[in-house]
Amino acid sequence: VDSLRSTAVGFPVIGVLNDTIFSLYTRIGSYTARERANNTSERVRILYNDDFMNPDSLYLAPADAFMDIMYQERILMSVTENDALWNNTTVEDLSETYKTAIAQSIKNARIENSLPRLLTRIGLMLLAIIVVVAMIYCVNRLFRFLIGFVDKNKHRWLKNFKYRDYTFLSEEQEVTLLAKLFNIVRWLTILLLLFLVIPVIFSIFPFTRGWADVLFGMLWAPVRKMLLSIWQYLPNVFTILVIVIVMKYIIRFVRYIFKEIESGKLKIKGLPPSSRERRLLAMLCPL
């Protein structure tokens, strides 16, 4: 039994709130541990749906080699000596533990699904929705303000990005580009808010708590994969940065050499100052 405990998988008896009341590991006759757990879970739900059932009215009925947990004349489950051996206790103590756990599970379910608790949860859900809507509204207002603030101060903060007589980006184009970047950040912020709040809303109700875990897993899985991909690609980014920096200084050095040739300070045999190749390379090396 000690060796089996480290490898065996128990089958849970599930309550109305999808809570695990306890787990079963052994079989009775032709009933496997899985079938016993499923049958007991179904009987717990039947008892919960009986509005006149009192959880404290469960009782134990001893039999030949096992103990029955009963309600009125119905057998809820049987606890055997193998169950007690597996849990390193006696049949009587284990039966009492199971009976108490079942009764407490039904009580908790009735409290959680009571009308006052349901109204409280509805209120919390509405409050969460209102908070999310207000936060999204504030995010939209904030980014609209930032775009307007940048546009208002563009002449002081921004300059035309040009090389010689050619303008790559004007001030208006830079403002438009910044507005698009702000819009991307705005949508990412809104998605992050929804990513954090929707699972919280689902977790308010007991019957949707499982959905919250599934939804959170669905949303987190691609984000986690993306972050891992970025982390794994960082060494390549550093390599690229080193190459770019080295090439930048090489180009500056080459351009400096040709400037010296152009000014006449440096003369190389076979390379006149008006060389077409020199001028072409100088145009390709604006740094």
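**Exercise 1. Find which residue of β5 stands opposite I69.**

Step 1: Look at β5, where M77 stands opposite I69. This is a predicted model, in which local features need pLDDT of at least 70, side-chain atom pairs count only at pLDDT 80 or more, and totals for chains, interfaces and linings use all residues. Residues are numbered from 1 along each chain as its sequence is written, and side-chain values use heavy atoms, leaving out hydrogens and water.

Step 2: Now take the strands themselves (E runs of at least two residues in DSSP, numbered from the N terminus, as are helices, H or I runs of at least four). β4, residues 66-71, runs antiparallel to β5, and six bridges join them; pairing requires at least two bridges found by DSSP.

**Exercise 2. Work out which strands stand at the edges of the sheet.**

Step 1: Write down the order, β3-β4-β5, of this open, antiparallel sheet of three strands.

Step 2: β3 (59-62) and β5 (74-80) each have a single partner strand, so they are the edges, and one side of each lacks a neighbour in the sheet.

**Exercise 3. Determine which strands helix α2 lies across.**

Step 1: Helix α2, residues 33-49, lies across β4 and β5.

Step 2: Its direction is at about 145° to β5 (axes are lines fitted to C-alpha atoms, for helices over the stretch in contact; angles run from 0 to 180 degrees between N-to-C directions).

**Exercise 4. Decide whether N140 is buried or exposed.**

Step 1: Locate N140 in helix α5, residues 115-152.

Step 2: Its relative accessible area is 17%, so N140 is buried (under 20%; exposed is over 50%, partly exposed in between, with a 1.4 Å probe and protein chains only).

Step 3: Beyond neighbours within four places in sequence, N140 is in contact with R186 and I190 (heavy atoms within 4.5 Å).
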